[in-house]
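Work through the exercises below with the model open. Try each task before reading its solution.

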Amino acid sequence: MKALRSVLTLVRVLGVVAVAIVVYAWIYPERLGQWLGREQAEAQAEAQAAAAPAVAAPAAPGAATPAGPAAPVVAAPAAVAPTAVAPAVAAPAASAQPPAVAAAETVHKPVKASKSQAAMAQWLGAKYRVSPSMLEILIVEADKLSKTYKLSPNLIIAVMAIESNFHPYIQSEAGAQGLMQVMPAIHAKRYEKFGGKSSFIDPIVSLKVGAEILRDCMKLKGGSEDEALRFYFGGGASSGAYIDKVRAEQRRLNMVAAGRQVAID
């Protein structure tokens, strides 16, 4: 009898609790929904945590392979694929980079221009609408070449100005190319020491080859700069006007280098 009474008491207590829950749910339905949603979220998180090692293991390059016959089947493709693709993509980029860097250094290597050279670069930049910093590189190089080839100061720069307006990739109807408007077909051998045909449009190479040709023209004409310019131009009735243009630009550059104010034509 005592045990029966205990059972009846427990049933009554559970009944009261059940009734209380029903009443609570009826009065506060949103709280019951939040509680149930939280329980479902926790259960889902536990399920994902249990499944995570099986997905992540193949992606880790140095991770140990899980035990079991199925593990190598999943892990092997993931380990092989990156190794096979990476070299095929990376190799061309590595081989193409050095030439690009070398070409850039030929033109953009920093120089230390003097005060007069910087003044000429500013004046020429404003006149021909070219970057003064790039003109400084050409002016410094031209100054070195003029000393090597025993040419008058600023003569090479004046020739560049009249021949190409300092545009390194310009080409004439006759096929003359570059800053100094050299004919590659005629002077191909002069470019061999700079890399051959691939160097035709290189600004610094064009400057060096043009200065060398101008020096040779002076030798052929007995040291006369005017006659050297005429021969450089190719002769003809218009060669006189060409010489006048070069000489006029040379005089203006000499004045700018001396610190004088020179109007831009």
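The exercises move from the overall fold to one helix pair and then to aromatic rings. The model is predicted.

**Exercise 1. State how many helices and strands the protein has, and what share of its residues is buried.**

Solution.
- Start with the elements. The protein has 10 helices and zero strands.
- Read them from the N terminus on. The order is α-α-α-α-α-α-α-α-α-α.
- Turn to burial. Of the 265 residues, 31% are buried.
- Finish with the contacts. Take those with a separation of 6 or more: 53% of them link residues 24 or more positions apart.

**Exercise 2. Classify the packing of α6 against α10 by its angle, and give the handedness of the crossing.**

Solution.
- Locate the helices. Helix α6 covers residues 155–164, and helix α10 covers residues 239–257.
- Take the geometry. The angle is about 125°, and the axes are 8 Å apart.
- Apply the cut-offs. Roughly perpendicular ends at 115 degrees, and roughly antiparallel begins over 145. Therefore α6 is oblique to α10.
- Add the hand. The crossing of α6 and α10 is right-handed.

**Exercise 3. List the residues through which α6 and α10 meet, and sort them by character.**

Solution.
- On the α6 side, the contact uses L155, I157, A158, V159, A161, I162 and E163.
- On the α10 side, the partners are Y242, K245, V246, R247, E249, Q250 and L253.
- Sort the residues of this contact. Nine are nonpolar, one is polar and four are charged.

**Exercise 4. Determine the geometry of the Y128 and F166 ring pair, and say which parts of the chain the pair ties together.**

Solution.
- Set the scope. The whole structure holds three aromatic pairs.
- Take the two values for this pair. The ring centres of Y128 and F166 are 5.3 Å apart, and the planes stand at 70°.
- Compare with the cut-off. Planes over 60 degrees apart count as edge-to-face, so the Y128 and F166 pair is edge-to-face.
- Place the residues. Y128 lies in helix α4 (residues 115–128), while F166 lies in the loop between α6 and α7 (188–191). The pair therefore ties together parts that are 38 residues apart in sequence.
- Check burial. Y128 and F166 are both buried.

**Exercise 5. Describe the pair formed by Y191 and F200, then decide for each residue: buried or exposed?**

Solution.
- Describe the rings. The centres of Y191 and F200 are 4.5 Å apart, with 65° between the planes. This pair is edge-to-face.
- Recall the limit. Buried means under 20% relative accessible area.
- Test Y191. Its relative accessible area is 0%, so Y191 is buried.
- Test F200. Its relative accessibility is 11%, so F200 also counts as buried.

Notes
Residues numbered from 1 in each chain as written. Predicted model: local features only at pLDDT ≥ 70, side-chain atom pairs only at ≥ 80, totals over all residues. Heavy atoms only, no water. Axes fitted to C-alpha atoms, helices over the stretch in contact; angles between N-to-C directions. Helix = DSSP H or I, 4+ residues; strand = E, 2+ residues; numbered from the N terminus. Parallel < 35°, antiparallel > 145°, perpendicular 65-115°, else oblique. Left-handed = near helix turned anticlockwise from the far one by under 90°. Contact = heavy atoms within 4.5 Å. Nonpolar A, V, L, I, M, F, W, Y, C, P; charged D, E, K, R; others polar. Phe/Tyr/Trp six-rings, centres within 6.5 Å; stacked < 30°, edge-to-face > 60°. Buried < 20%, exposed > 50% of the residue type's maximum accessible area, 1.4 Å probe, protein only.
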